[in-house]
Each structure stands twice: as C-alpha cells, then as structure tokens.
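User: Hi! I'd like to go through the reasoning behind a few structural labels. Could you take them one at a time with me?

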Amino acid sequence: PGAGAPRHDRIKNAIQMSLKGGAIHDPHPLQQIAFISDEEIVINRGRFSWVSACFMCLFVITGFASLILMVLSLRNTSTPLVAEETSYIDAQNPPWDVPPWGYVKQPGDAESRKIGNRFRFAMPTFTLYYSMLSASFGLFTVSYFCSELLVQDIGVHRVKNMGVVINKGVDTYVLRSVPIAAAMMAAIAGGVYFVADGNFVIAMCLGALVCIVCTNLGINMNFEGGTRLTHAMNYDLPGSVQLAIRTGAIGGLSAHAMAQLGVVLVWIVVRESNALVGFGMGTSIVAFYTRVAGGIFAKGCDIGSDFVSTMLGEDVDDYNMDNMDALRQAGQLHDKDGDGDIDEDYKDRQLGRDPNAFIDEHRLNFITHEEADLRAKIEREMEKTLVAMHPVNYLDAIGENIADIGGTSSDLLETMCTTLATAVILGSKAHEVPYFGTSLPFNIISTGTIGNSLVSYYVWAHDKHTSSRIRRSLQLNLLVVIILVQGVAMFSCYLQWKVYHTITWDTLVKYNTIIGLGLVAPEACAAICEFFTSVNFPPVSWIAKDADLGMIQVILRGLGQGFASAGLPSVINIIAQILAFQWEGFYGLVLLTCASQACTGWQASLAAFGAVSNNANRLVHLTTVNEVAHHRANVCATIGTTTSHNGKVVAGQNCFFATTALLGALLADKYTSLGLNFKQSVGQEVSEFTRAGLLASIIFAMLFLANTLTSCISMAKLVVEHCKDNPDVASRTDKQFPASHIRPLANLVKFAAVECFRLTVSPLVQSFGAPLVIGQLFGFKGLLMLVSGGNSVCFSLNMFLINSGQAWDAARKYILFGMLKDEKGEIVGADSEVYETLGIGEQIGGPLEDLTGPALNNFIKFVALVSFVSSGVYDLLPGKSWPWGLLQIAINFILVSFFKWGVAWAVNMIEGLLRRRRERIEYEEGTLMLKEMEAKDREIEERLRLQDGGDEEAPLS
C-alpha cells in the first residue's frame, strides 16, 4: 500500500497479503506481538498424565456398573438395601409387598410407626445407583480436564520459571499442611470415639480423607493451569476462557461429585444415618483448618510481604506495575518517533486495558520489526526485575489461591456432606414415605452433578466479547443447570403422584415450588452482591472516582456498601425459608437446601476460575508487554474476580440453609430421644434460657472474628520477623533463577505453614467449646438458640464483611484495568495518588473478605455438628448442669489462651535456652570467633561481586 494510506488500512492490507503468500514491500514487515523476538523462541510443552488417563478408565467402568445396577433395580432384581432407624413421627407403614418402596417387613409385623420406635424401610436403590452414575460422570470430567490441562504448552522460559517457583512453594505447603491436618483429625477422632460408635469415627476419617484429596487436587491443578493460561493469553480470548473454566472445574466438580459419592457409599455400607453425620463431621474439621489456616496464611503473608518489600525498597504492588511502567517509559515505547508526544497507537493500546473496551486485534496485535526489537529488550529487563524480587513476594500468589480454591471448595464440600446427611435423617425418620423422602434430595443433587459437568465443557465466548458479555454466557450455563434439575425433580414428583400415589397434587406443587426457590435463591443473592462489588456496576466506580477525597471517604463508602448489600440477601433467604417451613416443615427446609446446592459444582468451578484467572493475570503483566494479552488477561480477571466473590456468597447462603436444616434434625433427634413429639416443640414461647442462648451466639461470633483477625496480624508480624536479617529466606546468589528462589521460598512456606496451624488451633478450640459451654450452662433450649441465632448472625456478618472487602479490592482493580479516566479523558493509572489511596481499603478488606467473613461459615457449621453429636449430654433445662457450664467456661478460656499465646511463649523460651547454651559451648570451644570471621569474609566478597557487576551493561534508564 501507498505511504499515504492510513496506518489501519496498511496493516489490514499487509495481513491479507501475508495470508495470500504475497511479498510485503514495507521496510518494517509486521509480526505478531506474541512472538516479538527475532531470536529463537522456545515454547515449553506440557506432559501427558497417565494417572489422569487411568482414572478416566476407572470412572468409565464405575459409570457402566452403576448403569447396570440401575437397570436391575428397576426390574427389582438387584440386591435389596434395607435400613433401620428410629422414627421421629407416628405414621402408617407402607405395605411390605408393594414395589418400589415395600419388600420390607417391619419388626413384629407392625403396621404403623411410633415416635421413638425402630422401623425398617427400603433404601432408594435406583436413586443411589443414579447418584453413583452421576458422580462417576463428574469425576470422569475432572480426570479428563486434568489430562487436557497438563498436556497444554507451559509457555516461554520466564513464564515457566515463575510457575516452577510458585508450584514448589505450593508443594511445600501441601506437604506440611496434610500431615498436620491428619494429626489434628486423629486427635479429634480419638476423643469422639468415647462418645460415639466405631462407624461414626470411621466415617469421620473417610470424610476428612475425601476433603483433603479434593482440596489438594483443586489447589495443585490451579497452579498448574496458571502458567498454561498465561501462555494461552497470547493467542485468543475464547481459548483462554475455555481453559480457565476447565481448570476451575477440576476443583469445583470434584468437590460436588466426591461429596455425593462419599455419602452414598457410606450409607450403602453402614445403612445408618448418624454415620453420615460423622462423614460430614470429618469434612467439617478439615474444611475448618483449610479455610482458617489458609486465610491466615494468605492474608498474613500478604500484609507481611508488603512490609518486607517496603524495608527492602521493592515495589509492594502485586502486579509490579510501577516498575513495569517505568521500563516502558525508559524504553520510549510510548514515543517511538521521538517527537515528544505520546503516539496514537500507544494510546489505543493503553485503552485496551479496559476489559469492557472493544479492541481491533488486527490493528493492535501486529507491530514492526523495529518495535519488536524494542519490546524484546524491555521484556529482558522485566525478566531481570523478576529475578531481583525477594522470595517473600511469591507468598501472596500462593496464599491467595490456597484461600480461594482450597477454602471455597472445602467449604462447599462440607456443606454438601452435611446437607445430604440431614436429608437422609429427616427424609427417613420424619417423612411418611421414607423411600421417596430420601430419594428426592439425591435426585436433585445427582442431576445437578450431571448438569454442572455438561456445562463445563463449553462456554460461549468470542474475541470481541467484553467481560460483561462473557459473564452473561456463564449465567446462561447456570440457567441450563437450573432448568435440568427442576425438570428431573418435577418428573420424579409426578411419578410418585401419578403412578405410586404416595403424595398428593398439593404436595407435588409445594415440593416443586420449594425446589425452584432453592435453585434461584443463590443466584439472586450473588446477583445482588455482584451489583455492589463488581467493576462493571456503578457502586464500585463511585468508590474509585471519589477516592481523591481521601482514605476516610474510601473506608466509609466501602463499609456503607457492605451494609447495604448484606440486607437484601438476608430478606431473600428469610422469605424462602418461611415458605418452605410453612408448607412442608423441616423436610421443606431439606428440599430448599438440596436445591440451593444443586448448582454448587458450577458455582465452585467459577470461584476456582477466578483464582486461576487472577493468577494468570499477574503473570501476564509481569512477563510481557503484549497489550492484547493484557486485555485478554484483564477480561478474564474481571470476570474471575466477580465469580470468585460470588463463590463466597453462594457458600455463605448454602451454609445458612444447611445449618437451618441441621437444626431441625437436632431438634427432632433430641425430643424423640426424650419420647416427645418434636413438632409440638416448634413455636414455643421465649424463655430466659433461649434469650441467653441468642445473646451467646452474638458473643461467640464476635470472639471468633476477633480471634481470627488478631491471628492474621500475628502472622504478618511473624513473617516480618522471620525475614529480617535471615539469609535462609533471601534469594541465593550462587544459583540461577528459578533455582535461586526455590529453596528460600520453601523455607518461608515451611515456617508460615507451621505458624498458621498454630494460630488456627485457638479458633478451633473456641468453636468446639461454644456448644459445650452453652448446652450445659443454659440447657438444650439455650443451645438451640445458639445455633439458630448464630446462623443468622454469621450469615449477615459474612455478607457484610466479604462485600465490603470485595468493594475495596474491585475499586483498586477499576484503576488497574484502566477504567478510570480524568477530566481530559486520560487514563488514571497505577502510578496515581488515587490508586495508592485505595490501597488502604484493600489492606483492610483483604482479611475481611478472604478470612474472617468466609470463616464464619465454618464456625457455625462446626458448632451445629458438635451440638448434634453431643446433644445427648444436655438436659432441656440447666437445673443440674449449670455448674459444669461454668467449669467449661474456665477450661475453654484456659485452652484458647494457651494456644493463642502460651504455645508461642513456651517455644520461644525453649529456643532461647537452647541458643544460649549453644553460644556458650561455641565460645568455650573458640568456634564462635571463627564463624564471625567467615561471615565478615562473605560480606566483603558480596560487596566486591556487586562492584564488579556495576561494570556490566547498564539497564534501561
């Protein structure tokens, strides 16, 4: 094309000619930014996973076996499964010779069930085998996604090297945390053995094992996907979105399918509903540790690393944006013609940072050879910056993903196990037709597993789609799952009404209405919270635009949005629960809870998608100047930040429903053991003990918040102290990157993993002691209000804390993604004062969003499960037990204080004693002076080495 043609037309014509094989008569032939160097570019390939392939074959076999058993159960030729339970209600027994819910003779040929008496019922074999089939399909999908992910290209050397460092840190954390969690689980199981039977303890251990496997699988695959997604950003947006979704689905779907499969297998083998509570108890303990310890590790190391970076004079920004912008400015990338003005094409590329901006990749994704050489030189300087980073800066990337993926996945898995256990208890003991009462919840969850797996294979995305458009595509996938689950539930109810005549038409309508409410409620809550916390909606932009008024305004507006966003979800959940309870009692709450978790696999997948997208976004900004890759990364990160937060919202909402349903099982079990009708206890007047229990729920929730927050601050202080003048955590000068950072980072992670476990024991002991104190001090009625009131308090506080924290974080990313512009229309960047002002909100909101808020879910579920297990210890009124309650207060205070401060004090005393003894021996033997001389020699050698390095080629300046 002629020299006078517009640049846009020249580029398009050049591309067309290159595609046709024609010669381009241009002094600077064009080439893609993704491959900007004239040097040989090495793309590191992935690897084939035989383990994933073997598991794919295994789940294909289990799926076919489950399908055969389903067919046999329809023909009534499969092995009959019969369970025996204690009835919560008076009801007629179904005729023993009528399929499919008969073939069971009652003890003494009784024709009716009586409260407190044992009865037998046929377990829903077809539904249980259907659950095994759906779980097999879900785990097959997980195995396939693992295999597909690992075979993808890792990328260029600098991306691979950063991934190696981070993955080694993750492996170190897992190797330290798994034995700690196993030892803690063994200690608790040993104590529970004295108040429960062997089946309960075995189920506890199995639940803990499932939770550990699921959590670590999601964490490891997420970090494997980070580098691969970073490389994929250089090619296209749809492929990047698909890869990120499938990476997230590994953790999300595994949590959904493993919980379902574990509960089904335990019930088939043990055939006792209380053992399922043990399974849920095991997952609860591990989930508590994963969420709280992971949150303390993540946010404590985040705050501590910022302090260490400040002491070292390094950039504390997660994306190192200041240094990278300085390199671009020094390289004159913004003014290639040297006329002193910013080039127009550079302005266009900067506008591409906005995830909602439309960019023409044909115009921006191709550059001249001259510009390619300049960019390659800048990227070499960026690589030097990465090498110079202190290993402590990698702790934030490790901790954030552990908290987001491990915490959310284990939280949702725990809630799923608890819900299914409650469904079996109330569906068998409190339902007139136990066969149908236990089968319908499993039908809902199992169909959800199939739907979640199917929609994970494809998401509609296009290179020209903005983050808002892709977000709507994800919501469309969720709608598909909702319709599928509702359709199967309606069909199941229709069969019971039309064919087997076990329910009435009125019951059919109410059941399906409750299920519809449960399916819609989580997404409604998430949509409300998304409006207040997403960069795509006005409230977040208000915080960013008014940040020039000072940090006080930032804090107050964030708190205000947190309060506003916490109210509407509470109203939605209250309305849904009132309708469900009025229509079908506690079984209606069970259906509501199961329906709300039918889409958990997809929601958890999106939460993990957010973590891997944010991880890749950081890597993209640290390793390349490709603005198109930055745009794609920002699009995925914008969606991911929202979906990750929505995962916390859905986890809180599911926890609220699940705890309410478990409260019904707790009430029914206790009153039945006393020979009373639990339905007559509902709606009793408020007494002084119930009021005391309600007040205690607020007190214990606040004490838990204080405990976790102070633990986070203590962790930050410990990181700073550990890094101060410690050569073991500094990058090694005798090694090349990444080997220079692996051993120091491993030392840091080992230290932080042990310390965060120590700081987690105190909140765990406090949570374990809460029901023991209140149950004995105020009786069983006070305990009920502790769980009921605490459930409401924890949900509202959770919504407030996570929404406030996310609003502050999103406001900062609103600037980071180039969405804020000044009066002249210029982009306000990360080097602005406004961005620094918003940092205070992010520092405050980080622990609230990733630690204290989500940890309230684990706190109240753990309290509810401990209350259920120990319910036989408490009397209805504390006439005789209140002295033991006072003793429990003293014991709980001593244990919490000891694990909070006493352990650290004792360890410091012992270490100090051993250090002084070692120094005295070295002084007497004369080796202390030799060590001081060797240290001085090493210091002199280091200074000489730095002076010699100053004569090398100077960096861009």
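User: At what angle do the axes of helix α12 and helix α22 cross, and within what distance do they come?

Analyst: Happy to help, and please keep in mind that this is a predicted model. The axes of α12 (residues 394-429) and α22 (residues 833-869) cross at roughly 25 degrees, and they come within 11 Å.

User: What makes α12 roughly parallel or roughly antiparallel to α22?

Analyst: The angle decides. Angles under 35 degrees count as roughly parallel, and the crossing is at roughly 25 degrees, so α12 is roughly parallel to α22. The crossing of these two helices is left-handed.

User: Which residues make the contact of α12 with α22, and how do they divide by class?

Analyst: From α12 come Asp-404, Asp-411, Glu-414, Thr-415, Thr-418 and Ile-425. The α22 side includes Asp-850, Lys-861 and Phe-862. By class, the contact of α12 with α22 has 5 nonpolar, 4 polar and 5 charged residues.

User: How do you know how α3 and α13 are oriented to each other?

Analyst: The same kind of test works here. Helix α3 (residues 125-150) packs against helix α13 (residues 434-455) at an angle of about 20 degrees, with the axes 9 Å apart. The cut-off for roughly parallel is under 35 degrees, and therefore α3 and α13 are called roughly parallel. Their crossing is left-handed. Among the residues in this contact are Tyr-130, Ser-134 and Gly-138 of α3, and Phe-442, Asn-443 and Ser-446 of α13. The contact of α3 with α13 holds 7 nonpolar and 12 polar residues, with no charged residues.

User: Why is Cys-417 not bonded to the closest cysteine sulfur?

Analyst: A disulfide needs two cysteine sulfur atoms within 2.5 Å. The closest cysteine sulfur to that of Cys-417 is in Cys-211, 7.8 Å away, which is too far for a bond. Cys-529 is in no disulfide either: the nearest cysteine sulfur, in Cys-525, is 6.7 Å away. Searching the whole structure gives 0 disulfides.

User: What makes Cys-417 and Cys-529 buried or exposed?

Analyst: Buried means under 20% relative accessible area. Cys-417 has a relative accessible area of 0%, so Cys-417 is buried. Cys-529 is at 0% relative accessibility, so Cys-529 counts as buried too.

User: And how much of the protein chain is buried?

Analyst: Of the 957 residues in the protein chain, 60% are buried. The chain has 24 helices and 6 strands.

Technical notes: Residues numbered from 1 in each chain as written. Predicted model: local features only at pLDDT ≥ 70, side-chain atom pairs only at ≥ 80, totals over all residues. Heavy atoms only, no water. Buried < 20%, exposed > 50% of the residue type's maximum accessible area, 1.4 Å probe, protein only. Axes fitted to C-alpha atoms, helices over the stretch in contact; angles between N-to-C directions. Helix = DSSP H or I, 4+ residues; strand = E, 2+ residues; numbered from the N terminus. Parallel < 35°, antiparallel > 145°, perpendicular 65-115°, else oblique. Left-handed = near helix turned anticlockwise from the far one by under 90°. Contact = heavy atoms within 4.5 Å. Nonpolar A, V, L, I, M, F, W, Y, C, P; charged D, E, K, R; others polar.
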